[in-house]
Amino acid sequence: MGAAALGGPLTTRAATRAAPAAAAAAATAGQPEALAARAPIAGSVGVLGGTFDPIHIGHLAAAEEVREALGLERVLFVPAGIPPHKPGRLISAPHHRLAMLELAIAGNPSFEASRVELDRTGPSYTIDTLEALGAGVDGAPPRELTLILSAESFRGLPSWQQPQRLLALARVAIVPRGGLAPPGKSWLEEHFPGVEARIVELDAPRLRLSATDIRARVAAGRSIRYLVPDAVIDYIEDHDLYRDETWRKN
């Protein structure tokens, strides 16, 4: 799934209630940052990877939050070819996942789909994707890459392929997932000492959504309206995805 060095903190924390400065700082200590919108920075690219089986509004809301807060010129959605963290799991064919992704992002000119992992053989390791994107596989090489991760995924980052190299290629934007908050300062200092400036926590919309639950709803004949874009619902219905016995057992 290359980047220029960052210089210092990205923002200062804003108090959410009218209170003395000291009290506000105490109340927000250890919490993710709420960033004001920034104008797009030329050459800045966000990278959001995933199986996207199917893509849902949680993915879209997180990508838009990071794009606006960090002033990203565009966000690349990178569907995994062979997810290394899901061995043996049932996954829809790549062309279905890519088609749903393209339908979901069609209305946002700042969002793009990337085939970089679908066109590569072998497991889809993020470090390989960042190296490819930094070399300009999706057009002109970006000036800076920002890898977008959920708090859940970020906690597993120390076990990924070459995590220190990954942070040299891209900064990381962490967004909350459901009730799981991003790790605190002490965790970052323990696992990524000296590169904390490459990591920013954002207070994105906390939508309790998962593709697993959406697939289960489809398999049970339940509505997924307002959970995924309407065009994705139509695609799932037209191609009869997630409805056969194999999916119900998963």
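Is Lys 185 buried or exposed? At 63% relative accessibility, Lys 185 is exposed, where buried means under 20% relative accessible area, exposed means over 50%, and partly exposed covers what lies in between (1.4 Å probe, protein chains only). Keep those words in mind for the views below.

The model shown is predicted, so local features need pLDDT of at least 70 and side-chain atom pairs count only at pLDDT 80 or more, while totals for chains, interfaces and linings use all residues. Residues are numbered from 1 along each chain as its sequence is written, and side-chain values use heavy atoms, with hydrogens and water left out.

**View 1. The whole chain: ten helices and six strands make up its secondary structure.** Helices (H or I, at least four residues) and strands (E, at least two) are DSSP runs, numbered from the N terminus. The protein chain has 250 residues, and 45% of them count as buried. About 12200 Å² of the chain is exposed, with 52% of that supplied by carbon and sulfur atoms. These areas come from the Shrake-Rupley method with a 1.4 Å probe, and for residues only the protein chains shown count as cover.

**View 2. The sheet: six strands line up in the order S3-S2-S1-S4-S5-S6.** This is an open sheet with parallel pairing. At its edges are strand S3 (111-113) and strand S6 (199-201), each pairing on one side only. On average, neighbouring strands of the sheet are turned by 25° against each other, direction ignored. Two strands pair if DSSP finds at least two bridges between them. Strand S2 (residues 72-79) and S3 pair in the parallel sense over three bridges, and Val 75 has Phe 111 in S3 as its bridge partner.

**View 3. Two helices on the sheet: H2 and H4.** Helix H2 (residues 57-70) packs on the sheet and touches strand S1 (41-50), S2, S3, strand S4 (144-150), strand S5 (171-175) and S6. Contact here means heavy atoms within 4.5 Å. The direction of H2 makes about 150° with that of S2. Helix H4 (residues 126-134) lies across S1, S2 and S4, and runs at about 150° to S4. To get such angles, axes are lines fitted to C-alpha atoms, for helices over the stretch in contact, and angles run from 0 to 180 degrees between N-to-C directions.

**View 4. Strand S4 and its partners: seven of the seven residues in S4 are buried.** Both faces of S4 are covered, with Glu 144, Thr 146, Ile 148 and Ser 150 on one side and Leu 145, Leu 147 and Leu 149 on the other. Four bridges join S1 to S4, which run parallel, and Val 47 has Leu 147 as its bridge partner in S4. S4 also pairs with S5 in the parallel sense, over five bridges. Look for Leu 147 opposite Val 172 and Ile 148 opposite Ala 173.

**View 5. Strand S5: five of its five residues are buried.** Arg 171, Ala 173 and Val 175 sit on one side, and Val 172 and Ile 174 on the other. Three bridges join S5 to S6, which run parallel. One to find is between Ile 174 and its bridge partner in S6, Glu 201.

**View 6. The end of S4: a look around Ser 150.** Ser 150 is buried, with a relative accessible area of 15%. Its side chain reaches the backbone nitrogen of Ser 153 at 3.1 Å. This is a polar contact, a pair of N or O atoms within 3.5 Å; within protein, one must be able to donate a hydrogen and the other to accept it, and residues adjacent in sequence count only if both atoms are side-chain atoms. Leaving aside residues up to four places away in sequence, Ser 150 touches Ile 174, Val 175 and Arg 177.

**View 7. Salt bridges: a search of the whole structure finds seven.** A salt bridge is a side-chain nitrogen of Lys or Arg within 4 Å of a carboxyl oxygen of Asp or Glu. Glu 144 and Arg 171 form one at 3.3 Å, N to O. Glu 144 lies in S4 and Arg 171 in S5, so the pair ties together parts that are 27 residues apart in sequence. Both residues are buried. Glu 189 and Lys 185 meet in another, at 4.0 Å; they are four residues apart in helix H7 (residues 185-191), separated by about one helical turn. Glu 189 is partly exposed, at 39% relative accessible area.
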